[in-house]
Amino acid sequence: MTLDAALAERIRRSPKAELHVHIEGTLEPELIFRLAQRNQVKLPYASVDALRQAYAFTDLQSFLDIYYAGASVLQTEEDFFDMTMAYVQRAVADNVRHAEIFFDPQTHTARGVDIEIVIDGIADALAQARTQYDFSSRMILCFLRHLSEEDAFATLEAALPYRDRFVGVGLDSSERGNPPEKFARVFARARELGLHLVAHAGEEGPAQYVADALDILHVERIDHGVRAIDDEALVQRLARERIALTVCPLSNQKLKVYPDLRDHSLKRLLDAGVAVTLHSDDPAYFGGYMNANWEAVFEALPLDAADAHQLARNSFEASFLSPMHKAEYLAEVDHFWQSALPTQPAAA
Ligand SMILES: [Zn+2]
């Protein structure tokens, strides 16, 4: 399919919310090299180009290996600030108005970087983004699921002095062999603390992990969740309960969840009434930020302006913004798309 130029332009300009982006996954090779130099970290790659070439990973695990190597250059608050500000500028350029940003403390604390450095660096950049770009945001602390639940508990405890900086917890990293129930107790604790709950599920793992994330972890949104399509009853439940799936098409393509985006479940989920949203995941590694993801999926699937309007609405509706802020953004989205849509012929 070829994406109509006028629709492509509307999509680029539409207000959007980003609900699935890992801040460590926004580290571009150029910035990795700059930070490595600043901190005198020796990288196992000779040049920016050599690092880019290493991005030819084939699945989640081979991606994660490079991802953790890249994150090793982050040492100071300034590094976390610079990484976050670089992301914000790209998001603003794509008309992202609001972002709920994942960060992985364990990737850093395991290297001896204090959690305060991580949280302060990111939070300071987001505070500046609010005044400089009118860019609203929230932070979500993610547990690495290949590590133990004890480690997740320790991370949550270490983060509590900064409780006012993040609104929720999530679960990321290697899904296979690390089912939701492994983290049942730490999610229960986070729930007691009044934190929002999300989890990656049904990316490489089965549809059952999506159901388990809902029933055992009590999450409010599912990150990815594209495998839900394998379970008809689950799809109906997601639609009925308005559980959002934060879908990341270029990630799914690059990690071979859907090597060909024409096979992607997004349109089928959307048509079944599921609150699908579109995001960039680890944009530096997967070949594009928000608009690149939107365009890729509109190129590959029979999606139209009404779908784009719905996807933009879903992104704000599924956010953790206050009802008042949601309503403001939704009014903005509706105004934008209603003025964009061609006049519909009267029904026969
Ligand atoms: Zn993710």
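**An enclosed cavity and a zinc site in a predicted model**

The largest cavity has a volume of about 140 Å³. The structure in which this cavity occurs is a predicted model, and one cavity of 30 Å³ or more is present in it. The lining of the largest cavity is made up of 18 residues, and those closest to its centre are His-22, Leu-60, Leu-64, Ser-173 and Asp-282. Helix 4, which comprises residues 60-71, supplies the largest share of this lining, namely five residues. When the lining is sorted by class, eight residues are nonpolar, six are charged and four are polar.

The model also holds a zinc ion. Its coordination is provided by the NE2 atoms of His-20, His-22 and His-200, together with an OD atom of Asp-281, at 2.1 to 2.2 Å. The four donor atoms form angles of 83 to 173° among themselves, and the site is irregular. This assignment can be followed from the cut-off for a tetrahedral site, since four donors count as tetrahedral if all angles lie between 85 and 135 degrees. The angles at the zinc ion extend from 83 to 173°, and the ideal angle for four tetrahedral donors is 109.5 degrees.

Along the chain, the donor residues follow the spacing H-x1-H-x177-H-x80-D. In the UniProt record, an unreviewed entry, the annotation "binding site" covers His-20, His-22, His-200 and Asp-281. These residues span 262 residues in sequence, yet no two of their C-alpha atoms are more than 11.7 Å apart, so they gather at one spot. Of these annotated residues, His-22, His-200 and Asp-281 are included in the lining of the largest cavity. His-22 therefore appears in both descriptions: its NE2 atom coordinates the zinc ion, and the residue is among those closest to the centre of the cavity.

The surroundings of the first histidine can be described further. His-20 belongs to strand 1, which runs over residues 16-22. Both His-20 and His-22 are buried. For His-20 the relative accessible area is 0%, and a residue is called buried because its value is under 20%. Ile-23 is placed in the loop between strand 1 and helix 2 (29-39). This isoleucine is likewise buried, at 0% relative accessibility. Ile-23 and Phe-63 are separated by 40 residues in sequence, and their C-alpha atoms are 15 Å apart in space.

A further annotation concerns Glu-203, at which the unreviewed UniProt entry places the feature "active site". Glu-203 is found in the loop between strand 5 (196-201) and helix 10 (207-215). With a relative accessible area of 3%, Glu-203 is buried. On the scale of the whole chain, the unreviewed UniProt entry lists residues 15-335 under "domain: Adenosine deaminase". The C-alpha atoms at the two ends of this span lie 10 Å apart, and the span is 50% helix and 14% strand.

Attention may next be given to backbone geometry. Asn-95 has a phi near 65°, which is a positive value in a residue other than glycine. Asn-95 is located in the loop between helix 5 (77-93) and strand 2 (96-103), and its relative accessible area of 27% makes it partly exposed. Asp-134, also not a glycine, has a positive phi of about 55°. Asp-134 is placed in the loop between helix 7 (115-133) and strand 3 (136-144). At 45% relative accessibility, Asp-134 counts as partly exposed.

Leu-266 offers a final point of description. This leucine lies in helix 13, formed by residues 266-271, and is buried at 0% relative accessibility. Between Leu-266 and Asp-114 there are 39 Å from C-alpha to C-alpha, and the two are 152 residues apart along the chain.

Notes
Residues are numbered from 1 along each chain as its sequence is written. This is a predicted model: local features need pLDDT of at least 70, side-chain atom pairs count only at pLDDT 80 or more; totals for chains, interfaces and linings use all residues. Side-chain values use heavy atoms; hydrogens and water are left out. Donors are N, O and S atoms within 2.8 Å of the metal (3.2 Å for Na, K and Ca); water is not among the atoms, so sites may look incomplete. Four donors count as tetrahedral if all angles lie between 85 and 135 degrees; four count as square planar and six as octahedral if opposite donors are over 155 degrees apart and all others between 65 and 115; anything else is irregular. Buried means under 20% relative accessible area, exposed over 50%, partly exposed in between (1.4 Å probe, protein chains only). On a 1 Å grid over the protein atoms alone, a cavity is a set of points where a 1.4 Å probe fits but cannot get out, and a pocket is an open set with protein on both sides within 12 Å along at least five of seven lines; lining residues have an atom within 4 Å of a point. Grid points are joined across faces, edges and corners, and a volume is the space filled by probe spheres set on the points. Helices (H or I, at least four residues) and strands (E, at least two) are DSSP runs, numbered from the N terminus. Ala, Val, Leu, Ile, Met, Phe, Trp, Tyr, Cys and Pro count as nonpolar, Asp, Glu, Lys and Arg as charged, and the others, Gly among them, as polar. UniProt positions are given in the numbering used here, feature names are shortened, and annotations may be inferred rather than shown by experiment.
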